[in-house]
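Colleague: I would like to learn how to read burial and strand pairing in a model, starting with a single residue and working outwards.

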Amino acid sequence: MADTNASQTRTAPSDASGSTSQGRTIISDTVVSKIAGIATREVSGVHDLGGGAARAVGALRERIPGGRVNQSQGVGVEVGETQAAIDIDIVAEYGIAIADLATDIRRNVISSVERMTGLDVVEVNVTVHDVYLDEGDDAPTEAPRVQ
């Protein structure tokens, strides 16, 4: 059976490369970006991830039969041997304090990435591209200006 404590190898390396006497652990950028994307989506007040083009491509991908949500959409990472830097692009929900939202995102992303990978997260940059206005079905419809 595979060792389920692989992250322990990363958290207590004998040298800076993540090597121990039992082997080496390498964590891909994709892994870190997915963890950061999922952790960001868990924060209340985040409507979506990505800028305009990324969201458009993501919406198309979801409409394709068998298509899945790209968990790393809107997330850029730089992963070194022991550290990671993360950039996150979001769309915030209207009415949410953006400064508090960014703080909550940072806290959740840092906690999740460090716990799951053992990497030291040195920075999490949050860019808010848009604010989502929930105009729902209750919104009054205006009569067309021209007929």
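Modeller: This is a predicted model, and a good place to begin is G51, whose relative accessible area is 13%. Because buried means under 20% relative accessible area, G51 counts as buried.

Colleague: Where in the chain does G51 lie, and which residues does G51 touch, leaving aside those up to four places away in sequence?

Modeller: G51 sits in the loop between β3 (46–49) and α3 (52–63), and, when residues up to four places away in sequence are not counted, G51 touches D89 and H129. Sequence separation and spatial separation are read independently: G51 and T127 are 76 residues apart in sequence, while their C-alpha atoms are 9.0 Å apart in space.

Colleague: In which sense do β3 and strand β5 pair, and over how many bridges?

Modeller: β3 and β5 (residues 83–93) pair in the antiparallel sense over 3 bridges, and D48 stands opposite V91 in β5. Strand β4 (residues 75–79) also pairs with β5 in the antiparallel sense, over 5 bridges, with V75 opposite I88 in β5; β4 and β5 form a hairpin that has 3 residues between them.

Colleague: How do β5 and strand β6 run, parallel or antiparallel, and how many bridges join them?

Modeller: β5 and β6 (residues 120–132) run parallel and are joined by 11 bridges, and the bridge partner of A85 in β6 is E123. Between these two strands the chain passes through helix α4 (residues 98–117), making a β-α-β crossover that is right-handed.

Key: Residues numbered from 1 in each chain as written. Predicted model: local features only at pLDDT ≥ 70, side-chain atom pairs only at ≥ 80, totals over all residues. Heavy atoms only, no water. Buried < 20%, exposed > 50% of the residue type's maximum accessible area, 1.4 Å probe, protein only. Contact = heavy atoms within 4.5 Å. Pairing = 2+ DSSP bridges. Right-handed = clockwise from strand over helix to strand, strands pointing away.
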